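Me: Please examine the structure below with me. I shall put a series of questions about its surface, its helices and its side-chain interactions, and I should like each answer to be reasoned briefly.

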Amino acid sequence: MSTAAVAPARPGQVLADLLPASRVRDVALVIGGAALTGLAAQLSVPVPGSPVPVTGQTFAALLVGTTLGARRGFLSLALYALAGVAGVPWFAGGASGAAMPSFGYILGMLLASVVVGALARRGADRSMLRMAGTMLLGEAIIYAIGVPYLALATGMSASAAIAAGLTPFLIGDALKAALAMGVLPTAWKLVKR
């Protein structure tokens, strides 16, 4: 009998906990979460009049937090942020460094990954409605840090920062929440089978 079998789901678990437990697993998940976020950031579309592009980065960051849990999600996003600041060109559009006006969104992703990961441990990723709420809360946290940072970094007024760094992204964020509310609860249903 193989010891690498997937463990049955228990309350208080996130999807990553179903894999056989080990330090190697945790390190691989953290590195994989950072890499996924970096890859998703390359799906970047400029927004006219905004220094912030539409990317897959926020969706990946929230997915990482939800599937890995608060601690591993935070470590993944911290690795992503630190490596990008150190020069790895995996921020949106192949950028790196902390001098970008959109760096506040990356800081927001750190906090958001912790919150959505903690909520996932409480079962928020197991139903469509709670998953949608979890994703929307995560997005709100990212904007709560990213938009003020954008205003400070560019000298924009608060209303200009909202117009450039929030409003153009609302429809896409609703679509990301809808995607997550289908994918993660479905994954749990498949695991239970």
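Me: Which residues form a nonpolar patch on the surface with about 250 Å² of accessible area together?
Reply: This is a predicted model, so the answer rests on computed values. Patch members must have over 30% relative accessible area and no salt bridge, and nonpolar side chains are joined within 5 Å. The patch with about 250 Å² of accessible area together consists of Val27, Ile31 and Leu79.

Me: Is Leu79 buried, partly exposed or exposed?
Reply: Leu79 is found in helix α3, which spans residues 70–85. The class between the buried limit of 20% and the exposed limit of 50% is called partly exposed. Because its relative accessible area is 34%, Leu79 is partly exposed.

Me: Which helices do the buried residues of α6 pack against?
Reply: In helix α6 (residues 158–165), the buried residues are Ala161, Ala164 and Gly165. They cover an arc of only 80 degrees around the axis, which puts them on the same side of α6. The partners against which the buried residues of α6 pack are α4 (103–121) and α5 (128–154).

Me: How far apart in sequence are the parts that the pair of Tyr80 and Trp90 ties together?
Reply: A search of the whole structure finds 5 aromatic pairs. One of them joins Tyr80 and Trp90 in a tilted arrangement, with 5.3 Å centre to centre and 45 degrees between the planes. Since Tyr80 lies in helix α3 and Trp90 in the loop between α3 and α4, the parts tied together are apart in sequence by 10 residues.

Me: Are Tyr80 and Trp90 buried or exposed?
Reply: A residue counts as buried when its relative accessible area is under 20%. Both Tyr80 and Trp90 fall in this class: they are buried.

Me: What is the angle between the planes of Phe91 and Phe103?
Reply: Phe91 lies in the loop between α3 and α4 and Phe103 in helix α4, so their pairing ties together parts that are 12 residues apart in sequence. Phe91 is buried, with a relative accessible area of 1%, and Phe103 counts as buried at 8%. The two rings form a tilted aromatic pair, 6.1 Å centre to centre, and the angle between the planes is 55 degrees.

Me: Which residues are linked into a cluster by ring pairs?
Reply: Two of the pairs have already been described, namely Tyr80 with Trp90 and Phe91 with Phe103. Ring pairs link these four residues and one further tyrosine into a cluster, whose members are Tyr80, Trp90, Phe91, Phe103 and Tyr149.

Me: How many residues apart in sequence are Asp17 and Arg72?
Reply: Asp17 forms a salt bridge with Arg72, the closest N and O atoms being 2.6 Å apart. Both residues are buried. The pair links distant parts of the chain, with Asp17 in the segment before α1 (23–41) and Arg72 in helix α3, and the separation is 55 residues.

Me: Which residue in helix α4 forms a salt bridge with Asp17?
Reply: The N to O distance of this salt bridge is 2.4 Å, and its partners are 104 residues apart. Asp17 is buried, with a relative accessible area of 16%, whereas the partner is partly exposed at 32%. That partner in helix α4 is Arg121.

Me: Which residues are joined into one network by salt bridges that share partners?
Reply: The count of salt bridges comes to 7. One of them is formed by the side chains of Asp125 and Arg126, at 4.0 Å from N to O. The salt bridges that share partners join into one network the residues Asp17, Arg25, Asp26, Arg71, Arg72 and Arg121.

Me: Which residues does Thr134 touch, not counting residues up to four places away in sequence?
Reply: Thr134 is found in helix α5. With a relative accessible area of 5%, Thr134 is buried. The residues it touches, with those up to four places away not counted, are Val116, Leu119 and Ala124.

Me: What is the C-alpha to C-alpha distance between Asp173 and Leu62?
Reply: Asp173 has its place in helix α7 (residues 170–192) and counts as buried at 5% relative accessibility. Leaving aside neighbours within four places in sequence, Asp173 is in contact with Thr58, Glu139 and Tyr143. Asp173 and Leu62 are 111 residues apart in sequence, and their C-alpha to C-alpha distance is 11 Å.

Note on methods
Residues are numbered from 1 along each chain as its sequence is written. This is a predicted model: local features need pLDDT of at least 70, side-chain atom pairs count only at pLDDT 80 or more; totals for chains, interfaces and linings use all residues. Side-chain values use heavy atoms; hydrogens and water are left out. Patches are made of residues with over 30% relative accessible area and no salt bridge: like charges are joined within 9 Å, nonpolar side chains (Val, Leu, Ile, Met, Phe, Trp, Tyr) within 5 Å. Accessible areas come from the Shrake-Rupley method with a 1.4 Å probe; for residues, only the protein chains shown count as cover. Helices (H or I, at least four residues) and strands (E, at least two) are DSSP runs, numbered from the N terminus. Buried means under 20% relative accessible area, exposed over 50%, partly exposed in between (1.4 Å probe, protein chains only). The arc is that of the directions from the helix axis to the C-beta atoms. Contact means heavy atoms within 4.5 Å. Rings of Phe, Tyr and Trp (its six-membered ring) pair if their centres lie within 6.5 Å; planes under 30 degrees apart count as stacked, over 60 as edge-to-face and the rest as tilted.
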